[in-house]
Amino acid sequence: MVYKFDFLIIGGGVAGMSYALKVANSCKGTVAIICKTTLNEANTTKAQGGIASVTNLKVDNFDKHIEDTMIAGDYISDRKAVEHVVRNAPAAIEDLVRWGVNFDRKENGNFDLHREGGHSEFRILHHQDDTGYEIQRGLMDAVRANKNITVLEHHYAVEIITQHHLGVEVTRRTPDIECYGAYILNPETHKVDTYLSRVTLMATGGTGAVYATTSNPNIATGDGIAMVYRAKGTVQDMEFVQFHPTVLYNPAETHPAFLITEAMRGYGAILRLPNGETFMEKYDKRLSLAPRDIVARAIDHEMKIHGLTHVCLDVTQKNANETMKHFPHIYAKCLSIGINITKDYIPVCPSAHYMCGGIKVDLNAESSIHKLYAVGECSCTGLHGGNRLASNSLIEAVVYAKSAAEHSLKVIDNYDFNTKVPEWNDDGTMTNEEKVLIAQDEREVGQIMSNYVGIVRSDLRLKRAWKRLDLLYEETEELFKRVKATPDICELRNIINVGYLITRQAIERKESRGLHYTIDYPWHAYDNMNTNETNTEQ
C-alpha cells in the first residue's frame, strides 16, 4: 500500500510531538506520527530530573547557562547551537505550558527550580521526579486532541526512501541526496508499506539499548541514526556516549535500569563507598555535583580499585518528609526492593544513558539529506559537544522542533511527492524462524559494547569490538536479505550499525575528551591545567 502525508514524523517523544503540534495547524498539509510501540513509550517518559531554562533573572542569565554548557561539553560544543537553545529556551517552556504540561511551582506561583550537576544556578524546571512523564502526558493529550495529526502506533520504520530506491547510485559524496518518505512495517498485515512525504522528520530517540545495561527503554535501538547512516547521511560525535552515574543497582533489572535522578544530588545526596567513605573529593572540587562524565568515571574507577559492584548515594541526612515529597517515585521503587532511602544508602552504578552525537543537523534541524530533518536525541546539533549538561536534552528537543517546523513550513510549498518510488519488494523471502539467533546476537552486541566501548576504553578494546561487530554485521545482513522484515531483525540491524558507528568514531578520536576516555591517549592541554574541570583519573 502507498500512503501520502505532507509531514511524516518518525518517533513520538517530546521532539516528534512538539514538531507535530507546530505544523499541524499551518494549513500546509497532513501530518502523521509513526510510533514503533505506543505513543506513551518513549525516552522522554523516562526523564526524571527536569528541563533546563533560565527563568529566574534575579540571579541567572543566558551567559551563565551558555558557559555551563560549554564547560560540560569540554568546549567541543558548537557555540551557535548553544546560544540558539539557551536563548530560545524560555519561549519553549511557554509552549510546553500552553500545551498542558505542569511544572512544580512555589506558593507564590514561581517555578520551583532545582539545581543539577554542572549548573552554576538553580534553573531546572521539574514535576516531582517524573518530569519526562509529565511532559509526555501533556503533549500526548494535545496531540490526540488535534484532528490534524494522525498517530500510527506499532508501525515500524524500516528504511527512509532516497534516490537509491529509484535505481540511482548514492554514495557519501553524493551532494544532493533527497528523502521521499519511508518504508513502514504494518503490524496488522505484516507488510512493508510505502509512506510518501514532502517533508520527513526523524525523532527516534536514543541508543541506550545497544549496551547491556541502560536507563533507556528497550525501544532505544538507534533506529533513526542507523537508517540515515545507511542512506548515506552524515552522522557524527557518536563516540560521546553519556553514562548516567547513578542508576539503581539491581541485577534483576538491566533494560531499563531504574534511574536515580541527578536532581537528588542537587538536593543534597552524597556519593559514598558502601563503608560510608566519600570519594568525589579525589576527582573534582564540585564533589557530587560535578558533570556526569566526571562522576561516572570516578564511580567506575572506585568500583574497579575496590572490587565493587556499586557505590552508594546517601540522602539520609535530609528531612525524610521532604525527601519523600520531592522524590516519591524513587522512594517507592527503592522501598519495593527493601531500601528506605530516608534511612538507607541507595546502591548505584553507572549505566548507558544518552547519545550526544547522532544525525548531523544545522540550526534549522535539517540533515545532510534534503527534505529530512532530525530532532531530539537522534540528532547532533552541536549543543552537547563532548558531554551533555544535565537537563539540556528536553529543552533542545523543543527548541529544535520549533526551528524545524518554522523552516519546513517556509519551504514545503516547493516540494512535491515523488510518485516514482517503487513499493517494497520482499518476493522470494521467507518468514523468519531464527528468533533464537536474533536474541543471541542482541545480547552479544550489548556485551561487546559494555565490555569494550564503555566508560573507559583502549585501542585494543575498540579494535576487538570492531572485529566482532563486523562479523555480526555480515551475518545479520545475510539473514535480513533472506527473511521478511520484522521489528526484531530490523532492530538488530540498527543496534549493530549504531555499535559500529560508536566504535569507529571512538577509534578515530586520538585523545581523551569529554565522555570519550581512553587509556592510550593523555588528556589534552586543557585538562592538564589544575582546574579539575574534566580530568577524573588520578
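Here are some notes on a small sheet, two asparagines and the nonpolar cores of this structure.

1. Before anything else, keep in mind that you are looking at a predicted model.

2. Let's start with the sheet. Four strands line up in the order 10-13-12-11, giving an open sheet with antiparallel pairing. Its edges are strand 10 (241–248) and strand 11 (270–272), each of which pairs on one side only. Going from one strand to the next, the twist averages 45 degrees. As general background, strands in a sheet pair through backbone hydrogen bonds, and they can do that in a parallel or an antiparallel way.

3. Now zoom in on one edge of that sheet. Strand 11 pairs with strand 12 over 3 bridges, in the antiparallel sense. If you want a spot to look at, try R272: its bridge partner in strand 12 is C312.

4. Follow the chain on from strand 12 (311–314) and you get to a loop that leads to helix 9 (320–326); N319 sits in this loop. Is N319 buried, partly exposed or exposed? It counts as partly exposed, because its relative accessibility is 45%, and partly exposed covers the range between 20% and 50%. The side chain of N319 has polar contacts with backbone: it reaches the backbone nitrogen of N321 at 3.0 Å, and one of its polar atoms lies 2.9 Å from the backbone nitrogen of E322.

5. Another asparagine, N340, is also in a loop, this one between helix 10 (328–336) and strand 13 (346–355). N340 counts as buried because its relative accessibility is 17%, and the cut-off for buried is under 20%. Which residues does N340 touch, once neighbours within four places in sequence are set aside? They are Y331 and L335. The side chain of N340 also makes a polar contact with the side chain of T342, at 2.6 Å.

6. Have a look at how sequence distance and spatial distance compare here. N319 and T342 are 23 residues apart in sequence, with their C-alpha atoms 7.8 Å apart. For N340 and L308, the gap along the chain is 32 residues and the C-alpha separation is 21 Å.

7. Last, the nonpolar cores. The largest one has 71 residues, and the members touching the most other members are M202, Y211, I225 and I502. Helix 14 (residues 487–508) provides the largest share of this core, with 10 residues. Beyond its neighbours up to four places away in sequence, I502 touches several residues, including Y211, M238, V241 and M355, as well as E239 and R457. A second, separate core has 57 residues, among them W99, L139, L201 and L394.

Conventions
Residues numbered from 1 in each chain as written. Predicted model: local features only at pLDDT ≥ 70, side-chain atom pairs only at ≥ 80, totals over all residues. Heavy atoms only, no water. Helix = DSSP H or I, 4+ residues; strand = E, 2+ residues; numbered from the N terminus. Buried < 20%, exposed > 50% of the residue type's maximum accessible area, 1.4 Å probe, protein only. Contact = heavy atoms within 4.5 Å. Polar contact = N/O pair within 3.5 Å; in protein donor to acceptor, adjacent residues only side chain to side chain. Core = buried A, V, L, I, M, F, W, Y, C linked by side-chain atoms within 4.5 Å. Pairing = 2+ DSSP bridges. Axes fitted to C-alpha atoms, helices over the stretch in contact; angles between N-to-C directions.
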